[in-house]
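Student: I'd like to learn how to read ring pairs and nonpolar cores from a set of coordinates. Could you walk me through an example?

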Amino acid sequence: MSHWIILPIVLPALMAPFIVLAARFHIGIQRVFSVVGVLLLIALAAGLAWHVADGTVIYYRLSDWAAPFGIVLVGDRLSTMMVLLTVVLALFVLLYAIGSGWDSRGDHFHALFQFQLMGILGAFLTGDLFNLFVFFEVLLIASYGLMIHAGGNDRLKAGTQYVLYNLIGSTLFLFALGAIYAETGTLNMADLGRRVAEIGPEETVGIRVAAVLLLLVFAIKAALVPLHFWLPSSYAEAPAPVAALFAIMTKVGAYAIIRVYTMIFPPDLDVTSNLLETWFLPAALISCAIGAIGVLAARKMDRLVAFAVVGSMGMVMIAISLFTPQGIGAALYYIIHSTLAAAVLFLVSDLIRTGRGNVDVTAQIPMAGTFLTAGMFFAGAIAMAGLPPLSGFLGKLLILQASVSADLVVWVWAVVLISSLISVVGFARAGSTVFWKSHGTLPDLDTDENKEVATPPTILSYVAIGGLFALLVLHTVFAGQVHGYTTDIARDLFAPQAYNSIVLDTPGKLSKPSEGH
Amino acid sequence: MSLFLIVALPFLGALLPGVMNPAGRSATAGVTFTITLAAFVGLLTNLPAVLNGEVVTNGINWMPVLGLNVTLMLDGLGFFFALLILGIGLLIIAYARQYLSRDDNMGEFFTYLLLFQGAMVGIVLSDNILLLLVFWELTSLSSFLLIGYWKHLPEGRQGARMALTVTGMGGLAMIGGMLILGQIAGSYDLSDILQNRDLIQASPLYVPALILILLGCFTKSAQFPFHFWLPHAMAAPTPVSAYLHSATMVKAGIFLMARLWPVLSGTPEWVMIVTTAGLITMVLGAVIALFKHDLKSLLAFSTVSHLGLITMLLGTGTSFGAMAAVFHILNHATFKAALFMSAGIVDHEAHTRDIRRLGGLRHLMPITFAIASLAALSMAGIPLLNGFLSKEMMLEEAHHTVLFGSHWLVPVMATVGSLFSAAYCFRFIGHTFLGPVRDDYPHTPHDPGAGMWLPPAILVTLVVLIGVAPFVAEPFVKLVTASLLGSAGEVPDAHIKIWHGLVPALYMSIVAVAGGLLMMLVFAPLSRLWESTPRPEAKVIFEAIINGAVRAARVVMHSLHNGSFTRYAMIAVVTVLAAGYHAWITGAVGVPTREMQAPGAVAIAGWAMLVAATLGIVFFHRNRLLALILMGIVGLMVSIAFVFFSAPDLAMTQFTVEAVTIILLLLALNFLPNRTPVESTTLRRFRDATVAIAGGLGSAALAWHYLLRDAVATPISEFHLANSYKGGGGTNVVNVILVDFRGFDTFGEIIVLSIAALLIYALTETLLDGPVRRRLLNRTPDQPQSGTRHPMMMVVLTRVIMPVVMMVGFYIFLRGHNEPGGGFIAGLIVSIGVVMQYMASGFSWTAARLKYPYHGVIGAGVLVAGFTGMGSWFLEKPFLTSDFTYVRIPPFEKFELATAALFDLGVFLAVVGAVMLSLESFSRLARRADMPDSDHPMDIDPSREKPSPDLRTPEPEAH
């Protein structure tokens with residue numbers, strides 16, 4: 001058994017305590033180890049993704065106990081793709097955090113960052129529902145630490161709400177796990193898929209409620225309206241690089257929904273039929289609309305981006321809620337796009353903060369590096385609002401096309417297109433006010449006071465954002481290939497024989513295949 | 001040249017002007033010109049093929065599944081538009097070099113211009129309609145940058161936003177339309193779609209598709225009622241206006257209508273919508289243009305009017321109408337670009353575009369006068385100029401068009417439109433150039449250098465050439481018309497001639513010109529009448545709508561996200577309940593498979609205490625200390641419940657966790673007021689109570705339901721029970737689950753604990769740097785302090801039992817694998833031992849005697865656990881695989897050594913480190929609060945009743 005698949009979890013899990021133990025007082029050493037750690041993770045993730053690209057499923061028995069008795073890690077195309085996305089995002093976010101000096105404005109940034117990565121990567125790689133809960137806890141507590149990094153009253157207040165709300169989610173997760181274990185007696189995802197299918201039609205309430213509770217847990221993570229209330233303030237108040245990294249956190253929820261509601265509760269399953277159809281798609285549509293309205297209403301750049309994230313999660317959820325291979329394929333393509341676009345925008349809004357000390361959408365004195373920052377904002381806004389030529393537009397087309405056979409197709413098209421318009425107006429207003437209107441109230445630039453405000457961002461900051469932007473461009477240029485891959489993933493999910501057989505039919509310590517069955 | 005290259009050149013070249021900017025303005029303009037020229041020449045290399053009637057195509061796959069591919073095609077229609085875009089582009093670049101001042105960033109300007117140019121060329125060369133959409137939206141975006149180029153002008157910003165909003169809206173509608181069209185035709189390639197006229201027109205989705213696509217075209221081409229954005233886009237520098245509004249942006253909508261003409265036109269819906277919109281736009285634009293005082297506004301509305309004219313021609317759905325449209329597109333591009341450039345020259349030289357402040361310029365700027373007059377007369381439809389020819393064709397077509405069953409509606413409206421059109425052209429010439437020379441120009445004008453007048457002069461040469469010798473243009477126009485019509489119509493035989501004989505069109509034309517002249521005579525009273533008539537001001541309405549939308553959005557957002565966590569939590573709970581209830585009522589409830597158990601007296605008593613304590617918290621929660629004690633009771637009852645259900649490990653864990661938590665919370669309470677203030681109204685508390693009770697009942701119902709039913713198959717715990725000793729080497733199944741079966745979960749959980757401690761530490765550090773520090777320093781305890789901060793009895797006792805606690809911890813740790821215990825519990829027990837030292841003897845005294853930093857202990861714990869897990873790799877086993885063996889070292893009995901114990905050591909260290917670091921963080925707060933602390937373990941505080949100002953002693957160890 002090769003150990004590659006567990007390394008993305010173990011490496012940051014050991015890097016973090018090592019940084020705490022050995023480099024607590026040396027930010028320079030912390031930076032070196034943190035960056036090297038992420039580079040190694042990228043190499044690992046790329047290797048894993050390459051290995052499974054042909055449809056192979058990698059499988060790892062922790063403590064050598066076979067599924068479903070022990071915990072297993074499973075690397076298929078979906079999980080390795082998400083892992084790769086996470087670590088690549090992490091690299092640029094980390095570079096920005098170093099370049100902008102955010103990492104030195106509080107304690108333990110790099111340790112928490114590594115732990116955060118461990119939590120996210122674990123959540124993508126685990127094949128066990130309870131282990132997923134554990135990784136949710138890891139990523140939640142680490143994200144809380146990162147969120148309140150560097151302190152400040154508003155940030156602490158938002159952080160408190162963030163952690164409280166997510167504790168509600170964790171509690172609900174425990175309820176759901178209890179319910180699912182009571183119904184099925186197992187926690188392994190592949191085994192769950194098999195056992196849920198055996199539940200007869202005479203007694204369905206138990207599994208139905210369990211399935212819905214679990215979905216709501218993931219919906220909280222994915223910020224589906226009306227369970228999104230934790231997101232706007234916390235993303236807006238979090239340090240920019242942290243908010244940029246959080247762009248992947250909502251996707252963890254989306255990933256979990258995709259995984260669980262195709263493999264465990266497939267749409268054609270009788271006992272859970274008509275469970276989500278009534279409200280899931282409408283909720284996704286409302287999310288999309290709320291996001292756009294929030295963009296229009298925002299008085300601050302960071303809040304604007306936060307609502308854009310809500311809206312883009314709405315788009316993802318619309319695609320997912322179709323529960324068809326086309327829908328999931330489109331959702332996965334859009335997930336990559338929206339992660340990168342949100343990260344770019346959070347970082348750009350930090351450039352504005354660096355340039356003029358705040359992110360209010362008001363006319364102020366011009367800031368240093370306006371032209372480049374404005375260009376980056378323009379490009380990021382195009383991506384986020386789903387305008388051509390960037391991947392947001394392609395993702396939107398994919399989602400619209402995937403929804404053609406849905407009952408609510410007219411609603412989907414209307415909401416998606418009108419929301420796009422509203423966010424275009426919102427972005428145009430904000431951008432022209434911040435970047436253009438400032439030219440109207442030009443005070444004397446040579447006074448010392450103004451010079452002090454206008455500190456140009458470092459080259460590394462621009463490199464980090466530029467790198468993310470380059471990824472967006474690649475995501476656009478190679479859209480055909482990427483979408484082909486995500487479509488293959490979606491097909492795997494709806495026909496998970498390869499996954500199930502390798503997880504359930506491989507023997508482990510003291511157990512023969514499918515013994516517990 | 002490859003079509004890809006023609007489209008890509010402007011995009012690739014868009015980087016160059018920005019790079020070349022420091023090299024000077026001529027260099028910047030030069031590279032831009034060269035790039036455009038290269039694309040232009042590249043286009044011309046394809047001319048022979050186009051003249052042969054071939055369709056040049058290039059294509060590569062982009063997203064074949066989506067139907068979006070980079071397929072380009074060049075036919076007559078595309079060639080015609082591309083020629084206009086690149087040809088006029090060249091002239092505009094030359095003109096802009098002279099027009100822009102030193103203060104303008106020319107690199108930025110030309111970058112935007114090239115992006116726009118590339119997008120336009122992309123539109124007209126696209127074979128794939130989704131690709132066309134990409135370029136379509138790109139023109140909206142790049143024109144946003146161009147229109148807003150003068151950032152210091154509020155009109156520029158507003159105009160840019162308005163243009164983006166309106167055309168963006170159309171673009172989004174068109175996305176819908178194009179997708180529907182593609183769905184009907186089964187392909188997104190124009191070459192396929194154009195073959196499917198009957199299929200598309202028979203589809204029930206034809207009308208929605210048509211309306212959505214026309215929305216896109218009308219917004220882009222400024223057709224009524226979306227015409228209002230175009231005049232406001234005039235805030236752009238004149239070269240931009242000349243480019244966007246003569247040959248390019250606004251023609252995009254026209255182009256698309258022409259492109260899709262073979263499949264969309266000819267139906268009653270098409271004729272009705274397109275002709276009506278075109279007709280209204282034509283007349284409305286012409287009327288408004290007449291009364292505009294700003295030269296560029298006048299031209300802007302004239303553009304609106306002429307676009308309406310072309311739209312109407314396309315709307316009639318006949319081949320002749322299409323040919324007239326093609327011809328007028330050509331003519332309009334030539335004379336309108338020349339006119340805009342002339343207006344720019346006037347503005348540039350006289351420093352005003354206000355027609356009321358101009359006049360008599362013919363003497364001062366004769367060249368400009370000649371150029372502008374010829375172009376304007378062409379627009380007015382005066383013979384021997386190209387505008388006359390196409391206007392005649394338009395009137396001829398109007399004469400034959402029946403709309404709403406009326407034969408006279410279209411001809412009359414067309415004549416009225418032409419009449420006003422002639423009038424504003426005369427006004428443009430008359431009020432700007434004719435009349436006496438004035439002496440109050442803001443700046444004395446004279447003709448500019450050749451660089452500025454040459455571009456419009458070239459265009460005017462074309463105007464005259466085509467006007468005098470229409471046969472020069474005729475083959476080309478017919479070629480383009482043929483490619484526009486495709487298989488849907490035959491190119492009409494009619495020739496483009498100056499003299500057709502005494503046909504109705506001629507009379508209509510005469511009426512229009514004569515009426516126009518007449519109107520100029522009575523312009524002053526007419527203008528006064530116009531000024532006094534109330535008119536809806538589009539900009540005001542638009543701004544009101546947008547501002548209203550923003551306000552509404554803010555109201556919605558603010559009332560939704562008002563920052564109250566209670567409400568967010570309530571919404572979450574209600575959502576969960578509603579979704580759960582929905583899942584419940586749509587399912588089937590079966591019969592229970594398990595028997596109810598008799599509760600027994602102990603269980604009832606425990607349950608009663610639990611309920612009482614919980615209710616107590618609800619009623620006494622404002623008293624924080626009391627609430628904490630009640631929470632302790634709840635925790636204890638839960639521990640007892642674990643004992644009741646034969647889970648001593650869990651009970652021990654719960655018990656020690658409770659103890660540590662309560663201690664830490666007590667320390668935290670030290671910094672909080674004793675009572676929580678009442679913050680919500682009774683009504684709101686009633687609401688919250690209702691929701692909470694509903695949530696509780698829901699959970700209870702679920703628990704009840706699940707407890708009475710068996711799982712669908714044997715639970716995996718059976719396997720754990722059966723194999724814990726055989727495979728895990730321990731008889732304590734819970735511990736084996738923790739460190740072996742699910743050791744990886746435990747690994748995760750100790751990390752959670754470690755992170756929690758690290759973040760408490762980081763949080764404390766940031767708090768102490770912030771405003772909290774000030775508050776701490778100014779804090780006065782609200783209760784009398786205890787007289788002795790370190791009671792002697794406690795100090796002695798804690799020190800005596802310290803070794804005992806350590807031994808107990810060690811014992812619990814060792815026995816863990818087989819009996820209740822383990823690293824987690826042991827860690828907590830040892831922590832309690834140390835915490836007691838803190839409490840009894842003070843933090844300074846204790847801290848001075850601790851050798852290991854807690855950060856290190858935590859790090860070491862996680863590392864030990866991790867390395868233990870990795871150890872199994874060397875035995876070719878997966879992470880955390882346990883092994884055990886029995887050894888015998890005399891004089892001890894045989895005992896077991898398990899790798900799990902090493903892992904448990906990691907757990908132990910992490911737990912101790914985490915608890916202690918949290919505790920230390922609290923004590924840092926206390927220390928920062930300027931509380932006195934001595935290195936002595938005991939002291940007597942004389943200020944029992946009345947705390948002296950320098951000896952305030954509310955610290956943790958003294959309650």
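Tutor: Sure, we'll go through aromatic pairs, then cores, then one polar residue. Keep in mind that this is a predicted model.

Student: What describes a pair of aromatic rings?

Tutor: Two things: how far apart the centres are, and the angle of the planes. By the rule used here, there are 46 aromatic pairs over all chains. Take A:Trp230 and A:Tyr235, with centres 5.8 Å apart and 70 degrees between the planes, an edge-to-face pair. Both A:Trp230 and A:Tyr235 are buried.

Student: And B:Phe744 with B:Phe747, how are their planes arranged?

Tutor: Their planes are at 20 degrees, and the cut-off for stacking is under 30 degrees. So that pair is stacked, with the ring centres 6.3 Å apart.

Student: Where do B:Phe744 and B:Phe747 sit along the chain?

Tutor: In helix H35 of chain B, which covers residues 743–769. They are separated by about one helical turn because they are three residues apart in that helix.

Student: Is B:Phe744 buried or exposed? And what about B:Phe747, buried or exposed?

Tutor: Buried means under 20% relative accessibility. B:Phe744 has 1%, so it counts as buried. B:Phe747 has 0%, so it is buried too.

Student: Which rings link into a cluster?

Tutor: Over in chain A, ring pairs join A:Phe130, A:Phe133, A:Phe136, A:Phe173 and A:Phe218. Rings can have charged company as well: the charged end of A:Arg105 sits over the ring of A:Trp102, 4.2 Å from the ring centre.

Student: Now the cores. How many residues does the largest nonpolar core have?

Tutor: The general idea is that nonpolar side chains tend to be buried together in soluble globular proteins. Here the largest nonpolar core has 515 residues. Those with the most contacts inside that core are A:Phe218, A:Tyr261, A:Ile320, B:Phe744 and B:Phe879. Leaving out residues up to four places away in sequence, B:Phe879 touches residues including A:Ile6, A:Val10, A:Tyr60, B:Phe744 and B:Phe747. A second, separate core has six residues, among them B:Ile716, B:Phe719, B:Val736 and B:Phe741.

Student: Last one, the polar residue. Where does B:Asn69 lie, and what does its side chain reach?

Tutor: B:Asn69 lies in strand S2 of chain B, residues 68–74. With 10% relative accessibility, B:Asn69 counts as buried. Its side chain reaches the backbone nitrogen of B:Trp62 at 3.0 Å. Setting aside neighbours within four places in sequence, the contacts of B:Asn69 include B:Ile60, B:Pro64, B:Asn128 and B:Leu131.

Technical notes
Residues are numbered from 1 along each chain as its sequence is written. Chains are lettered from A and ligands numbered from 1 in the order in which they are written. This is a predicted model: local features need pLDDT of at least 70, side-chain atom pairs count only at pLDDT 80 or more; totals for chains, interfaces and linings use all residues. Side-chain values use heavy atoms; hydrogens and water are left out. Helices (H or I, at least four residues) and strands (E, at least two) are DSSP runs, numbered from the N terminus. Buried means under 20% relative accessible area, exposed over 50%, partly exposed in between (1.4 Å probe, protein chains only). A polar contact is a pair of N or O atoms within 3.5 Å; within protein, one must be able to donate a hydrogen and the other to accept it, and residues adjacent in sequence count only if both atoms are side-chain atoms. Contact means heavy atoms within 4.5 Å. Rings of Phe, Tyr and Trp (its six-membered ring) pair if their centres lie within 6.5 Å; planes under 30 degrees apart count as stacked, over 60 as edge-to-face and the rest as tilted. A charge sits over a ring if NZ of Lys or CZ of Arg is within 6 Å of the ring centre and within 35 degrees of the ring normal. A nonpolar core is a set of buried Ala, Val, Leu, Ile, Met, Phe, Trp, Tyr and Cys residues joined through side-chain atoms within 4.5 Å.
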